[in-house]
Amino acid sequence: MPPEISLAQKLEERLKELSCLYEVSSAIRKHSDSVLETLEEICRITQRAWLFPDQAIVKLKFDDYSVLTSDLPEAPIVQQSNIHLFQENRGFIKVYYDTKKIANAHFLNEEQKLLNKIAIEISEFFERREIIKKEELLKRSAERNDRLSILGEITAGIAHELNTPLGNILGFAELIKSSSQENQTQKDTEKIIKAAIYSREIVKKLMYFACEMPQHKDFIQIKPVIDQALKLLSQNFQKAEINYNFKIDNPILEAQIDSIQFTQVLFNLLINAIYTSPKCSTISIEVSSTSTYFKLEIKDEGSGIPTDLKSKIFEPFFSTKPVGEGSGLGLSVVHGIVKSHRGEIITFDNEPAGTVFQIKIPLKM
C-alpha cells in the first residue's frame, strides 16, 4: 500500500500538475517545427512533475520517435499512458522508478491522470501536424488540377489550330513526292512527310490530353484488348530482349471503356516500361477486379523513378528521356484518358527494383 500523503502534499501535487500541463502546451507551441525537441522537452517537464523528480525516468515513443531521459532501471515499477493518432494506438509515455534506489517507490492516482492528459496533449500535437500535412497535399493537388484544366483548354485550342496546316503540309509533300522523279527532292519530301506525321501524332496526343478526342465507351472484354496490344508490341519486346508476363483473374471480364483510348494507355505505359527495363528482365501485366472496378498493374524491373520526380511525371511536356526521344506527353495522355473514364492512376516502387503503374477504372460508367 502506498503511504498516505498530507493535504499540503496534495495541494503541492495539484500545483505541479497544473504547471506541468501549462509547460507541455508551451513546449508544443515553442518547438512546433521540431518534433524531437518537443518530445524531449515534454519528457523533462513530465519528470519534474512526479513525486520523486530526481529519481523519475521518462520514456516516450511514437512511431519512429523515441526519447529516454536516462537508462532504464533494473528493478522498475512503471506508470504508462498510450498515445493515439485518430484513435489508433501509435505509442506511449512511461514513467519509471527504480525500486532499488527508492524503498517506498510508488505512483499517485493523480499522477496517472496527469500522464493521461499529457498523452492526450501529445496525441493532439501529432493529429494537428497530420491535418496540416493533409491540407497542404489537398491544396497542392487542387492547384495542380487548376493548372491542368487551364492547360487542357489551351492545348485543345492549339491542337485544333495545328491540324489544318499539318494536313496541308502532309498533302502537298506527298503530292510533290509523287510528281517528282528527282532523287534529292524525293529524299527531302520524305523528311517533310515524316516530320509532319510525327507532328500530327503530337497533336493527337495533345487532343487526348485535353480530352478533345471523341469517346465511344462500350462494354468490351479487357483481355482481348491487352492481348492485341502485346501482340502489336511483340517486336518491341524482342528487339529490347525483354520478356512479359500477363495475368488476369477473370478472362471474360468486361468493362465500359473506349477500346482505342485504353489501347493508347497500354501502349504508352508498356513502351515506357520497355524503355526503362534492362535486358533479360520481365514486365508484368496484371489485371484483377472487384464487383465495381478493375485494376491494371504494369510492373517493370528498371531503375525506378527518382523520388523528387514522382510528383511531376504526369505533367505535360515533362520527360526524363533525352531530347528528341520523347514529347513528354505520353503519361499526360494516360492521365487524361484514365480521368475521363472516372478512374485513377498512381505509381509506386516495385520490389526489389523498378516501377509499378496502377490504374483503377470503374466497370460501368
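**Lys299 and helix H7**

Visitor: Which residues does Lys299 touch, leaving aside those up to four places away in sequence?
Guide: Contact here means heavy atoms within 4.5 Å. With residues up to four places away in sequence not counted, Lys299 touches Thr282, Ile283, Ser284, Glu286, Asn350, Thr355 and Val356.

Visitor: What kind of model is this?
Guide: Residues are numbered from 1 along each chain as its sequence is written, and side-chain values use heavy atoms, with hydrogens and water left out. Local features need pLDDT of at least 70 and side-chain atom pairs count only at pLDDT 80 or more, while totals for chains, interfaces and linings use all residues, since what is shown is a predicted model.

Visitor: With which side chain does the side chain of Lys299 make a polar contact?
Guide: A polar contact is a pair of N or O atoms within 3.5 Å; within protein, one must be able to donate a hydrogen and the other to accept it, and residues adjacent in sequence count only if both atoms are side-chain atoms. At 3.3 Å, the partner of Lys299 is the side chain of Glu286.

Visitor: How far apart in space are Lys299 and Val356, C-alpha to C-alpha?
Guide: Lys299 is found in strand E9, residues 293-299, strands being DSSP runs (E, at least two residues) numbered from the N terminus. Although Lys299 and Val356 are 57 residues apart in sequence, their C-alpha atoms are separated by 4.4 Å.

Visitor: Which residue caps the N-terminal end of H7?
Guide: Helix H7 covers residues 259-276, helices being DSSP runs of H or I with at least four residues. A side-chain oxygen lies 3.0 Å from the backbone nitrogen of Ile260, and the capping residue that carries this oxygen is Asp258.

Technical notes
The expected span of a helix is 1.5 Å times one less than its number of residues.
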